[in-house]
There are 2 protein chains.
Amino acid sequence: MVRLPLTPAEVERGRRLGALLRRARGDRSMLQTALAARISPETLRKIESGRVATPAFTTVAAVAAVLDVSLDTLWAEVDRNDAQDAAATG
Amino acid sequence: MVRLPLTPAEVERGRRLGALLRRARGDRSMLQTALAARISPETLRKIESGRVATPAFTTVAAVAAVLDVSLDTLWAEVDRNDAQDAAATG
DNA sequence: AGATATCCCGGTACTACTATCGGATCCATG
DNA sequence: CATGGATCCGATAGTAGTACCGGGATATCT
């Protein structure tokens, strides 16, 4: 094996990450946000919809900066929920 | 074009990101850090050496969490230096 | 010298991310 | 119904990240 496929947990984290960013965007348009973050609107949409589970650090950081979201808070939310899921599952 | 090659600026950011993580690791071993972050030692080494310019958000977050490094601070350092370079260049 | 531990490197494999294109839906407006 | 803005979707293309393998360099201890 060389590059393990995304685990269900990774996919779940991706969805939560996207949902958090989407919520943080509020009423700002995807286009404006993407342009401000210097990424493609399609990429932002895929991240928000969870279709991209593990986006690049720079991509997330750029979007978070535009939306005034703390990366630490963002990861804490994603990881906290993930830990809860793991605890609930096992 | 479908996936733009890494720009020199991206590569530079990657090197600084790796250098910051490497400094934060201090005297902890790469192996222990990688295991704690649930990633491959090879991946950690490539990130620290800057050979991987834009690692996944989850990967960086996991390493930063193990090393007690703030993602916001980390990105601020990388982005601040990048802005300085851009200002110095252009 | 032999054994161990850590780090470094090139090669390789293959999934995942980023981005463009074309088309579709929904909503508000005229 | 026609127009325009915003979002959503599938298909497509190509670079980049993640991981395993084999080998090598350095330092410490016996």
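A residue counts as near a DNA strand if its C-beta atom, placed from the backbone, lies within 6 Å of that strand. Under that rule, α3(A) gives the most to the surface near DNA strand C, with four residues. The structure is a predicted model.

**Around DNA strand C**

There are 25 residues around DNA strand C, and those that come nearest are A:Val2, A:Glu42, A:Thr54, B:Arg3 and B:Met30. Two or more residues of this surface come from each of α3 of chain A, α2 (30-37) of chain B and α3 of chain B.

**Around DNA strand D**

DNA strand D also has 25 residues around it, with A:Arg3, A:Met30, B:Val2, B:Arg3 and B:Ala56 coming nearest. Here the elements that supply two or more residues are α2 (30-37) and α3 (41-49) of chain A, along with α3 (41-49) of chain B. The most comes from α3(B), which gives four residues to the surface near DNA strand D.

**Where the two chains meet**

Chain A and chain B touch through 12 residues from chain A and 12 residues from chain B. On the side of chain A that touches chain B, α4 (57-66) and α5 (71-89) of chain A each provide at least two residues. The largest share of that side is four residues, and they come from α4(A).

**Two helices of chain A**

How do α2(A) and α3(A) lie relative to each other, and at what angle do they cross? Their axes come within 8 Å and cross at roughly 110°. Angles of 65 to 115 degrees count as roughly perpendicular, so α2(A) is roughly perpendicular to α3(A). From α2(A), the contact uses A:Met30, A:Leu31, A:Thr33 and A:Ala34, while α3(A) brings A:Pro41, A:Leu44 and A:Arg45.

**Residue classes**

The table sorts the residues of each surface or contact by class.

| Surface or contact | Nonpolar | Polar | Charged |
|---|---|---|---|
| Surface near DNA strand C | 14 residues | six residues | five residues |
| Surface near DNA strand D | 14 residues | six residues | five residues |
| Side of chain A that touches chain B | seven residues | three residues | two residues |
| Contact of α2(A) with α3(A) | five residues | one residue | one residue |

Some elements appear in more than one of these places. The helix α3(A) gives four residues to the surface near DNA strand C, and A:Pro41, A:Leu44 and A:Arg45 of α3(A) take part in the contact with α2(A). The residue A:Met30 of α2(A) belongs to that contact, and A:Met30 is also among the residues that come nearest to DNA strand D.

Definitions and conventions: Residues numbered from 1 in each chain as written. Chains lettered and ligands numbered in written order. Predicted model: local features only at pLDDT ≥ 70, side-chain atom pairs only at ≥ 80, totals over all residues. Contact = placed C-beta atoms within 7 Å. Nonpolar A, V, L, I, M, F, W, Y, C, P; charged D, E, K, R; others polar. Axes fitted to C-alpha atoms, helices over the stretch in contact; angles between N-to-C directions. Parallel < 35°, antiparallel > 145°, perpendicular 65-115°, else oblique.
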